[in-house]
Amino acid sequence: MLMHTDRMGVSASTGAGRQGRPAVQLDGVTKRFGGAMALHEAWLKIQPSEFMTLLGPSGCGKTTLLNLVAGFLEADNGEIFIEGALVTETPAHQREIGIVFQNYALFPHMSVANNIAYGLKTRGIDKKEIARRVDDALALVKLEGFGDRKPRQLSGGQQQRVALARALVIKPKVLLLDEPFSALDKNLRGSMQVELKQIQRELGVTTIFVTHDQGEALSMSDRIAVMSAGRIRQIAAPGDVYRRPADRFVASFVGNVNVLTGCLVERRGEVATVSVGGMRLGVPAAPLAQAAIGDVVDVFIRPEHLALMSGSTPGSLRGTVTAQVFQGDHIDLYIDVAGVAREPVLLRAPGIAALSSCPVGTEVGLVVRSDDVVAFLPEASS
Amino acid sequence: MKRSPAAIALRWSGRVLVAAILLFVLLPGIVVAVTAFNDRALLAFPPQAWSLRWFWRAFSYSDFGRGFWNGLTVTLWASSIALVVGAAFAIAIHRYTFVLKSLLEGILLSPLIIPHYTIGLGVLILASQTGAGRGFPLVILTHVLLVLPFVMRSTFISLENLDGRLELAASSLGATPGRVLLTVTIPLLLPGLLSGWLFAAILSFNEFTATLFVSSQATQTLPVAMYNYVREFADPTLAALSVIYIAVTALLLSFANAFLGLEKILNVDAH
């Protein structure tokens, strides 16, 4: 049975902290293409039923990692385990993984039903059973009655559903999703994300999702592995990646962020204090382990964590509004804060009041309304 | 708006030029077609009197009939063998890296630049040295060599257009490499393979130069039979045969277009 109706409504277990062997495990997996390091010693444990996202810009190694798990590439070093079994040298067709490609890669010469049945036929399942499971799979992705169509007769969203059904019908040990939404238009993308997440939760299938879109990563994942230049930079739940980025790259790649110049004034246990234009802010001490008291540091502050004050408020950062961008439900204000930020600071002002109250040229004060501020050493010395 | 006389002159001279080029292209065919209906036993143009008797002679002259069937035999065998061998080589060369890969590709494509009479003469010398008879296998072998590059080229193009992710998807679904080849790769290459086969068949059926060297009285194909005829007779039978040739080809192509989807076989359609 593909549909486990008895499991519907059961909330996804994040798997983090769950006991037992991981669904997927990478132990120091390295892959080079020619001389170029595509993936550098990746260590990763993905728990059963977990939705793990590999997030990073193009060329960061996320697709290489996916292809290694799928068995389309061979690792140069390291080992890969699926459900505890060593699969590093197992060919793709014996790994029992399901994959959905960016372009869906539906077999153009087969009907929708035959596309979905393909993986069942290779397993030598009898015809009646295949027909029943194909029907179940079509129902799962809400494409009942589309079995006789050819892929090219379907819309992009429908093709994606077929690709998903084809990958899920074989009850894969791991579902791999390679940027599956990037070919869809924006509205459809949103609803497909909700639907995919719902199906994933219902079936409890372990999923590795590759994307460069931080919004998709934050909204869908149980955990995110942020990658850059062939390395995994941070593995954490979306909230932690956003609030407690491990390094400069993660802080600037995930979400909008303002980078302000400050200096380290105090370090006490796990908390350090930095001063930005006279304003004192608490930040996690760990990323500043290499810094000495008095060193210049870069302070990362999210736009929504800044609040507007009148220009004369004591303890606030003084700045001048240089631009307003009306976004419908909020206003993006760009504020020039001399001496502290090289680029204008972005601030999200809710509602539309700021449109009239803060015209370009207004002197304003900025205060930080959050504990989620992080600081790192400047680029050159990090 | 009134055009200047210069613009009008330019416009008309362009049309005349295009018409002249088209006429030049079609002229040989037109001359032959008209000559075929000449009543006199001369290859003269324009004819003085009209007749259909050369068509009758074209059909009744036994060498032509035998040449046609010989040619068909050679063509079907040669283009089918070339299809299998050429496609296999093309897939191997496209997919895998191995020692002397580019040398192999160069050798297989070399019949494109080696003159046909060289190949014909070479095969003939080899055959006589080894004592192999000038039977059908020799003619077929020669034709395989000649059409192999065309099948390979056509397979290469189809391979370039084949999305590798389809094969990856198939293998992720549990298909062994052999199964992927049979259920995904070959079906998707089929239009390219068919167009390569068709091209090879047309070339093989019309091939004359190399065939002249390697065929005998018993294995001569239609073009060779026509050449032998024109050495003995100078009547319009060949012209009549040409008209039949053109008509049959046009009919076959229309049939292929209407019932088989020619644009698919010739790989014009992207899908």
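User: What classes of residue make up the lining of the largest cavity?
Analyst: In this predicted model, the lining of the largest cavity has five nonpolar residues, three charged ones and one polar one.

User: Which residues are those, and how much space do they line?
Analyst: The lining consists of Tyr242(A), Arg243(A), Pro245(A), Val257(A), Phe300(A), Arg302(A), His305(A), Asp372(A) and Val374(A), and the space in this largest cavity comes to about 50 Å³.

User: How many cavities of 30 Å³ or more are there in the whole structure?
Analyst: The search finds two, and the second largest cavity holds about 40 Å³ of space.

User: What lines that second largest cavity?
Analyst: Its lining is formed by Val100(A), Gln160(A), Leu164(A), Leu177(A), Pro180(A), Met192(A) and Leu196(A), with helix H4 (156-168) and helix H5 (186-203) of chain A being the elements that give two or more residues. By class, six of the lining residues are nonpolar and one is polar, while none is charged.

User: Switching to pockets, what volume does the second largest one have?
Analyst: The volume of the second largest pocket is about 570 Å³. Its lining has 23 residues, of which Tyr96(B), Glu167(B), Leu168(B), Ser171(B) and Pro177(B) are the closest to the pocket centre.

User: Which elements give two or more residues to that lining?
Analyst: In chain B these are helix H3 (62-95), helix H7 (164-172) and helix H8 (177-206), and H8(B) supplies the largest share of the lining, with four residues.

User: And the classes in the lining of that pocket?
Analyst: The lining of the second largest pocket counts 11 nonpolar, seven polar and five charged residues.

How values were computed: Residues are numbered from 1 along each chain as its sequence is written. Chains are lettered from A and ligands numbered from 1 in the order in which they are written. This is a predicted model: local features need pLDDT of at least 70, side-chain atom pairs count only at pLDDT 80 or more; totals for chains, interfaces and linings use all residues. Side-chain values use heavy atoms; hydrogens and water are left out. On a 1 Å grid over the protein atoms alone, a cavity is a set of points where a 1.4 Å probe fits but cannot get out, and a pocket is an open set with protein on both sides within 12 Å along at least five of seven lines; lining residues have an atom within 4 Å of a point. Grid points are joined across faces, edges and corners, and a volume is the space filled by probe spheres set on the points. Ala, Val, Leu, Ile, Met, Phe, Trp, Tyr, Cys and Pro count as nonpolar, Asp, Glu, Lys and Arg as charged, and the others, Gly among them, as polar.
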